[in-house]
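Open the model in your viewer and keep the sequence panel visible. This tour tells you what to select at each stop and what you will find there.

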Amino acid sequence: MFNFKPKAVIVAASLIAASSAAVAQNNFSYNYIEARSGLSPLTMGLEGSTQIMDNLHLVGRIDSKLESDWDLAGGIGFNGPINQFTDIFGQMLVHNISEKDKSGTDFKPELNVGLRVWLTNQLEGTGRIGVLKDKTVFHAGIKFHSTETLVLSADIRNNGVYGVQPTLGVRFQF
């Protein structure tokens, strides 16, 4: 199904997350609701995640140009600390994609892996790379943790459907 050659990266990330050092407390919250807006093309999106075990969380998201289209994804994610400033994370998702000019919807699998790093006490750098069926997907950005519950973000992402987009978002952690 996946013709993704860097499988070693994903296997290594999984092993790191499952190792005894990685079972320690995470450096970041994986319990959140996020609203975002993508630019060029203009999209709106919602994402949520809730931790169900120490290093496992459920994730769901939807993005749309609000033109009878959508990219709806849901699945599981893993997470674990590498050191006191860095977490490794990844997701296995199933997408349901509907495009305005196409009839019906497509189901596509996604597998990704990434890092979250504290740059300062309120500034987080994040990035992930993966594959959505046969397309490369990525996300890189900066998050400003204004309070323990409010996080503002500026990112560049390609979710495999709308192309490369700058995005702005607000996240509420719980």
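The stops below run from the overall fold to single residues and then to charged pairs.

**Before you start**

This is a predicted model, so local features need pLDDT of at least 70, side-chain atom pairs count only at pLDDT 80 or more, and totals for chains, interfaces and linings use all residues. Residues are numbered from 1 along each chain as its sequence is written, and side-chain values use heavy atoms, with hydrogens and water left out.

**Stop 1: the barrel**

Show the cartoon. What do the 10 strands close into? They form a barrel, in the order 1-2-3-4-5-6-7-8-9-10, with antiparallel pairing. On average, neighbouring strands of this sheet are turned by 20° against each other, direction ignored. Strands here are DSSP runs (E, at least two residues), numbered from the N terminus. Two strands pair if DSSP finds at least two bridges between them. Axes are lines fitted to C-alpha atoms, and angles run from 0 to 180 degrees between N-to-C directions.

**Stop 2: strand 10 and its two partners**

Select residues 164-173, which make up strand 10. Colour Q165, T167, G169, R171 and Q173: they form the covered face. Now colour V164, P166, L168, V170 and F172, which form the uncovered face. In a regular strand the side chains alternate between the two faces of the sheet.

Next, add strand 1, residues 32-38. Strand 1 pairs with strand 10 in the antiparallel sense, over seven bridges. Pick S37 and look across: its bridge partner in strand 10 is L168.

Then add strand 9, residues 150-158. Strand 9 is also antiparallel to strand 10, with nine bridges. Here V151 has R171 as its bridge partner. Follow the chain from strand 9 into strand 10: five residues lie between the strands of this hairpin. Stop at G160, which takes a positive phi near 90°.

**Stop 3: strands 2 and 3**

Select residues 43-53 for strand 2 and 56-64 for strand 3. The two run antiparallel and are joined by nine bridges. Show E47, which stands opposite R61 of strand 3. Keep R61 on screen for a later stop.

**Stop 4: unusual backbone**

Most residues other than glycine have a negative phi, and most peptide bonds are trans. This stop collects exceptions.

Go to the loop between strand 1 and strand 2, where P41 is found. The peptide bond from S40 to P41 is cis, with omega near 0°.

Move to the loop between strand 3 and strand 4 (70-81), and select L66. L66 is not a glycine, yet has a positive phi of about 60°. S68 lies in that loop between strand 3 and strand 4 too, with a positive phi of about 60° although it is not a glycine. Are these residues buried or exposed? L66 is exposed, at 66% relative accessible area, and S68 is exposed, at 63%. The scale: buried is under 20% relative accessible area, exposed is over 50%, and partly exposed is in between (1.4 Å probe, protein chains only).

Select K65, in the loop between strand 3 and strand 4. K65 is partly exposed, at 31%. Which residues does K65 touch, leaving aside neighbours within four places in sequence? Its contacts (heavy atoms within 4.5 Å) are P41, L42, T43 and Y162. Measure K65 to G38, C-alpha to C-alpha: they are 8.9 Å apart in space and 27 residues apart in sequence.

**Stop 5: salt bridges**

Side chains of opposite charge can pair when their charged atoms come close. A salt bridge here is a side-chain nitrogen of Lys or Arg within 4 Å of a carboxyl oxygen of Asp or Glu. The whole structure has nine of them.

Return to R61 and add E110: they form a salt bridge, with the closest N and O atoms 2.8 Å apart. E110 lies in strand 6 (residues 106-118) and R61 in strand 3, so this pair ties together parts 49 residues apart in sequence. Both E110 and R61 are buried.

Now select E99 and K102, whose closest N and O atoms are 3.7 Å apart in a salt bridge. E99 is partly exposed, at 31%.

Then pick R116 and E124, a salt bridge with a closest N to O distance of 2.7 Å. R116 counts as buried at 4%, and E124 is buried at 0%.

Last, select E34, R36, E47, D63 and R171 together: salt bridges that share partners join them into one network.

Technical notes
Helices (H or I, at least four residues) and strands (E, at least two) are DSSP runs, numbered from the N terminus.
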